Amino acid sequence: MNRILSIVILSGMTLLANAQTTPWTKGAFETRQYRNVFVEMGYQPAEVDAKLKEVFNDVFRGPNKIYFEVGDTMGYVSDVKNHDARTEGMSYGMMIAVQFGEKDIFDRLWRWSKKYMQHHDGNRKGYFAWSCQTDGTRNAQGAASDGELYYITALLFASNRWGNNTGIDYKAEAQHILDCIQPREYTPEPRPAGFGGFAAFGGQQQTGPQKMYLIDPETKLITFTPDGFGQRFTDPSYHIPAFYEVWARWAGDGRADYWMECAQKSREFLHKCINENTGLNGDQCQYDGSEMQMPRFPGMPQGQAEGAPRRNGNNNFRYDSWRVPMNIALDYEWSCADGEWQRQYGEKIQNFFYSQGISTFVDQYRKDGTLPEGNEILGAGGFRKLRHSIGLVATTAAASVMCSHEKSKEFVDQLWNARHEPFDDGYFDAYYDGLLRLFAFMHLSGNYRIIFDK
């Protein structure tokens, strides 16, 4: 009996080793298969299912939930610490809802987004105001491009899962956004003197007719914002090439070849913007992958001695950047069109954070791996402080989907055992940390999937 038991254990260890070291050559678009990394690494299927449900409930139903229903038909996701609803969180909520088959949550979020956030006429028709108060009053009119990216993909998945005859024509809604994000001419509203944005970077306010677009026509890369100064650069965390493949397959907008080209350009861009030694990227960068440049303007601190390099915190790895490991993992899982580079990237970035202490690494770094200082550190929730944040614990663990080295299990264990609770100083982020934690559990349990047309 002991010999048989030993054989079974050794066989299980062999299967685990093979699961961790056999690289993928095809993604789920072709195979429709997904790894349950938790189970491969020794967790029991029942406890994985229970843990995933628990993390979902933390976000949508628990005492620290960020989802709130309004009347009989609407609901919103709130960045609770900032007292608003953002297209980021609303579209994330829709993606999670369609993945879990939570149609009521999905429909409520879409109705709220459509009523309060989406522009129905004017220059920004079809786009979404990126931030609203929780009563629907807009804090801003402009869009943040990642919201549209997720809205379109989530709506197409909803169309595939539930059809278009249950009260919302999901595909038509996605097609409407896709039509509106195509380049079109507009005249920008005048801005008051002293307004931030481009002027804050030393530039001049543009006048006269301009083009608005979600995807830069020349580079075919997603913009940071689809108008004004923000369309002159991009955000690496907005790059999810496999989403364009979803559009190419199911949008039915006649642009399938174009969306596949956007996917390829996005993959090429990620090679350029990521530090080859650390695997880190900046929060924003130029379309060629180079760092943002900050010309001096009146009132900008001089910093070090004249001629010394000035630090621009936007070039650092910080909150937006946390998403990049998980986004690349998603492209690896779904498409695997850049599998060899993605596997190398996954191990590179895990090696960096491992070198910083797997249970102590902080959540902001310069791309070269050194620590930011002073105003380079981006504040959150009234604090300007480096932390070991569960959101980054989550996304570095999600990168294990791409990895073969033994360290990957330690990252997965760190996520599994991490407690999402307030820090000693009272800081707590139910919203961003909570959503990234949930996405990571979906990835690692094999439950972040392409939803195929029936």
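pLDDT is the predictor's confidence in each residue, on a scale from 0 to 100. Keep that in mind as you work through these exercises, since the structure above is a predicted model.

**Exercise 1. Find out where pLDDT stays under 50 and how many contacts the model has there.**

Solution. Start with the whole chain: the average pLDDT is 90, and 88% of the residues score at least 70. Next, go to residues 1-19, where pLDDT stays under 50. For this stretch the model has 4 contacts beyond four places in sequence. Then look at residues 192-204, where the pLDDT is also below 50; this stretch has 11 contacts in the model beyond near neighbours in sequence. Finally, a reading tip: where pLDDT is low, the predicted coordinates should not be read in detail.

**Exercise 2. Decide whether Asp429 is buried or exposed, and list its polar partners.**

Solution. First, place the residue: Asp429 sits in the loop between α14 (407-417) and α15 (432-444). Second, apply the cut-off, by which buried means under 20% relative accessible area. Asp429 has 5% relative accessibility, so it counts as buried. Third, follow its side chain. One polar contact, at 3.3 Å, joins the side chain of Asp429 to the side chain of Lys81. A polar atom of the Asp429 side chain also lies 3.0 Å from the backbone nitrogen of Tyr431. Fourth, leave out residues up to four places away in sequence: Asp429 then touches Lys81, His420 and Gly434.

**Exercise 3. Describe how helices α5 and α7 pack.**

Solution. Two packed helices are described by the angle between their axes and the distance between the axes. Here, α5 (residues 87-100) and α7 (residues 145-162) pack at about 20°, and their axes are 8 Å apart. Angles under 35 degrees count as roughly parallel, so α5 is roughly parallel to α7. For the handedness, the crossing of α5 and α7 is left-handed. To see the interface, display the residues that meet: among them are Met90, Met94 and Phe100 in α5, and Tyr150, Leu155 and Trp162 in α7.

**Exercise 4. Work out which residues surround Ala28, and how far Cys336 is from it in sequence and in space.**

Solution. Begin with the location: Ala28 belongs to helix α2 (residues 28-31). Its relative accessible area is 0%, so Ala28 is buried. Now collect the neighbours, not counting residues up to four places away in sequence: Ala28 touches Gln33, Tyr34, Glu333, Trp334, Ile450 and Phe452. Last, take the C-alpha atoms of Ala28 and Cys336: these residues are 308 residues apart in sequence and 8.3 Å apart in space.

Methods
Residues numbered from 1 in each chain as written. Predicted model: local features only at pLDDT ≥ 70, side-chain atom pairs only at ≥ 80, totals over all residues. Heavy atoms only, no water. Contact = heavy atoms within 4.5 Å. Helix = DSSP H or I, 4+ residues; strand = E, 2+ residues; numbered from the N terminus. Buried < 20%, exposed > 50% of the residue type's maximum accessible area, 1.4 Å probe, protein only. Polar contact = N/O pair within 3.5 Å; in protein donor to acceptor, adjacent residues only side chain to side chain. Axes fitted to C-alpha atoms, helices over the stretch in contact; angles between N-to-C directions. Parallel < 35°, antiparallel > 145°, perpendicular 65-115°, else oblique. Left-handed = near helix turned anticlockwise from the far one by under 90°.
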